[in-house]
Amino acid sequence: MNGTHPNPTLETIFRRHSIRQFQEAPVDEKLIKIILDAANQAPSAHNQQSWRFVVLREKKRLELAHLVAGRAGDFPKPSSSILRMASRCLASAPVVISVNNTGSLIAHGSELFNLAPERSRDFFRTMEIQSSAAAVENLLLAATSLGLGSVWLGILYLIKDEVLTFLGENKGEFMAVIPIGYPKKNQGGPQKKPLQYVLKEFD
């Protein structure tokens, strides 16, 4: 689907792409609140909202960038190179938001569904991951709609437990780190595969 889109929501979806370099301009706190409210509206299993948003600014954001850079050398290429790139991205963004599972659905899911613990843990673990991923997508789209750039730094999952410890969070199953700010450059995102290459249909 290219060209003009029939409504603002679709326009935002097709306009969103990853931004890794940011201007020094600060982001108004009101905009951050709007973005977080949008993320919090994501669908979640049994409406448990088993996520937590952690906002990093100034000192804490730079400390996280330093942590990531310090761990980069412990991994082979290309992982080490991407971790260093992620560190620079964290350092340049005025705001960083982390989205983490709380583990509440995993802890109480057996009671909700009356399932044996050994069977329910993997089921509710998956539900928590899916729910938090939906919250991240809402966050990314909200940022785009407000003229802000963002990127989901998936490479940081390599050091997930260390990042969660740094944030003072439990070592859950999901952790996403998203720098946010005004794009330094806006050259558009990569071309996506045409739909027919990822589509399977049945009559």
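Q: Where is the place of Pro78?
A: In this predicted model, Pro78 sits in the loop between H3 and H4.

Q: What is the peptide bond from Lys77 to Pro78, cis or trans?
A: Its omega is near 0 degrees, and the bond is cis.

Q: What are the elements of the chain, and how many of each are there?
A: The chain has seven helices and four strands. Read from the N terminus, they run α-α-β-α-α-β-α-α-β-α-β.

Q: Why is the chain called as compact as a globular protein of that length?
A: Set two values side by side. The radius of gyration is 18 Å, and the globule rule gives 17 Å for 203 residues. The two are close, so the chain is as compact as a globular protein of that length. Along the principal axes, the C-alpha atoms fill a box of roughly 50 × 50 × 40 Å.

Q: What percentage of the 203 residues of the chain count as buried?
A: The share is 40%. Each of these residues has under 20% relative accessible area, because that is the cut-off for buried.

Q: Among contacts between residues at least 6 apart in sequence, what percentage join residues at least 24 apart?
A: That figure is 79%.

Q: What belongs to carbon and sulfur atoms in the accessible surface of the chain?
A: They hold 52% of about 12,000 Å².

Q: How many positive and negative side chains does the chain have?
A: There are 24 positive and 19 negative side chains. The centres of these two sets are 7 Å apart.

Q: Which residues have the most contacts inside the largest nonpolar core?
A: They are Leu64, Leu90, Leu156 and Val177, in a core of 26 residues. Two or more core residues come from each of strand S1 (51-57), helix H3 (58-72), helix H4 (79-92), helix H7 (160-167) and strand S4 (175-181).

Q: Which residues does Leu156 touch, not counting those up to four places away in sequence?
A: Leu156 touches Val68, Leu83, Ala86, Leu90, Val163, Met175 and Val177. Each of these has heavy atoms within 4.5 Å of Leu156, because that is what contact means.

Q: What makes a second core of 22 residues count as a core, and which residues does it include?
A: Among its members are Leu36, Ala42, Phe174 and Ile178. This set is separate from the larger one. A set counts as a core because its nonpolar residues are buried and joined through side-chain atoms within 4.5 Å. In soluble globular proteins, nonpolar side chains tend to be buried together.

Q: Why does Leu158 count as partly exposed?
A: Its relative accessibility is 42%. Buried needs under 20% and exposed needs over 50%, so Leu158 falls in between. Leu158 is in the loop between strand S3 (149-150) and H7.

Q: Which residues does Leu158 touch, not counting those up to four places away in sequence?
A: The partners are Phe75, Ser79 and Leu83. Leu158 and Leu83 are 75 residues apart along the chain, yet their C-alpha atoms are separated by 9.1 Å.

Q: What is the phi of His46, positive or negative?
A: It is positive, about 55 degrees, although His46 is not a glycine. His46 lies in the loop between helix H2 (29-40) and S1. Gln49 is in the loop between H2 and S1. Phi of Gln49 is near 45 degrees, also a positive value in a residue other than glycine.

Q: Why is Gln49 called partly exposed?
A: Gln49 has a relative accessible area of 31%, between the 20% and 50% cut-offs, so it is partly exposed. His46, with 42%, is partly exposed by that rule.

Note on methods:
Residues are numbered from 1 along each chain as its sequence is written. This is a predicted model: local features need pLDDT of at least 70, side-chain atom pairs count only at pLDDT 80 or more; totals for chains, interfaces and linings use all residues. Side-chain values use heavy atoms; hydrogens and water are left out. The radius of gyration is taken over C-alpha atoms; the globule rule is 2.2 Å times the number of residues to the power 0.38. Buried means under 20% relative accessible area, exposed over 50%, partly exposed in between (1.4 Å probe, protein chains only). Accessible areas come from the Shrake-Rupley method with a 1.4 Å probe; for residues, only the protein chains shown count as cover. Lys and Arg count as positive and Asp and Glu as negative; His and the chain ends are not counted. The place of a charge is taken as NZ of Lys, CZ of Arg, CG of Asp or CD of Glu.
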